[in-house]
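Here is a friendly tour of one protein chain, written for someone who likes to look at packing and pockets. Please load the model and follow along.

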Amino acid sequence: MAVGAIEPLFYKNFLKGIGLEESLAGSQLDQSEWETLRDKFAKIFAEKTQAEWVQVFEGIDACVTPVLSLEEASQLSCNRDSYVCADDGVVEPAPAPRLSESSAVPSIKLCATMLSPIRD
């Protein structure tokens with residue numbers, strides 16, 4: 001899981017989601033506590049599967065998301081239009097921004113074109 005709960009509200013929601021007291025929110029910026037907190041968070045996250053944590057944080061504004069492979073990320077409904085499948089079956093992000101007047105080339109194809117003179 002990726003945690004980006006930097007702002008106080010998100011951090012409080014994160015603590016609530018993992019079942020810790022909101023009173024720990026004050027220790028968020030105390031660097032002397034970071035190692036202890038990191039170990040505590042790792043132990044708590046190890047108690048559930050990724051799917052279970054996704055359910056826990058569903059609908060909670062805590063800046064907590066699953067870490068996905070490129071293939072998994074491309075299957076999410078919110079990302080389906082953001083990825084392309086190259087000729088060799090490799091899933092890659094689509095070029096951005098998408099312009100209406102000109103087309104863009106996916107990065108793998110562009111890299112292959114640019115590198116071909118070097119390889120020859």
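Which helices each supply at least two residues of the lining of the largest pocket? They are α1 and α2. Please keep in mind that this is a predicted model.

**The chain as a whole**

Let us step back to the overall layout. The chain has five helices and four strands, and from the N terminus on its elements run β-α-α-α-β-α-β-β-α. Contacts between residues 24 or more positions apart make up 38% of those with a separation of 6 or more. A few totals are gathered here.

| Quantity | Value |
|---|---|
| Buried share of the 120 residues of the chain | 24% |
| Area the chain exposes | about 8700 Å² |
| Share of the exposed area from carbon and sulfur atoms | 56% |
| Volume of the largest pocket | about 370 Å³ |

**Helix α1 and its cover**

Helix α1 spans residues 8-17, and its buried residues are F10, Y11, N13, F14, L15 and G17. An α-helix has 3.6 residues a turn, so residues three or four places apart point the same way. Within α1, F10, N13 and G17 are among the buried residues, as are Y11, F14 and L15.

What covers them? The cover of the buried residues of α1 includes the strands β1 (2-3) and β2 (64-65), along with the helices α2 (34-45) and α3 (50-57). After α1 comes G19, with a positive phi near 85 degrees.

**The nonpolar core**

In soluble globular proteins, nonpolar side chains tend to be buried together. In this model the largest nonpolar core has 16 residues, and those touching the most other members are Y11, F14, L15, I18, F41, F45 and F57. Helices α1, α2 and α3 each supply at least two residues of this core.

Y11 is a good residue to click on. Leaving aside residues up to four places away in sequence, Y11 touches A5, L24, A25, Q28, L37 and F41.

**The largest pocket**

Back to the pocket from the opening question, whose volume is about 370 Å³. Its lining counts 13 residues, and the closest to the centre are Y11, Q28, W34, L37 and F41. Y11 and F41 also belong to the core residues that touch the most other members.

Which helix gives the most to this lining? That is α2, with five residues. By class, the lining has 10 nonpolar, two polar and one charged residues.

Definitions and conventions: Residues numbered from 1 in each chain as written. Predicted model: local features only at pLDDT ≥ 70, side-chain atom pairs only at ≥ 80, totals over all residues. Heavy atoms only, no water. Buried < 20%, exposed > 50% of the residue type's maximum accessible area, 1.4 Å probe, protein only. Contact = heavy atoms within 4.5 Å. Core = buried A, V, L, I, M, F, W, Y, C linked by side-chain atoms within 4.5 Å. 1 Å grid on protein atoms, 1.4 Å probe; cavity = no way out; pocket = protein on both sides within 12 Å on 5 of 7 lines; lining within 4 Å. Points joined across faces, edges and corners; volume = space filled by probe spheres on them. Nonpolar A, V, L, I, M, F, W, Y, C, P; charged D, E, K, R; others polar. Areas by Shrake-Rupley, 256 points an atom, 1.4 Å probe, with all protein chains shown as cover.
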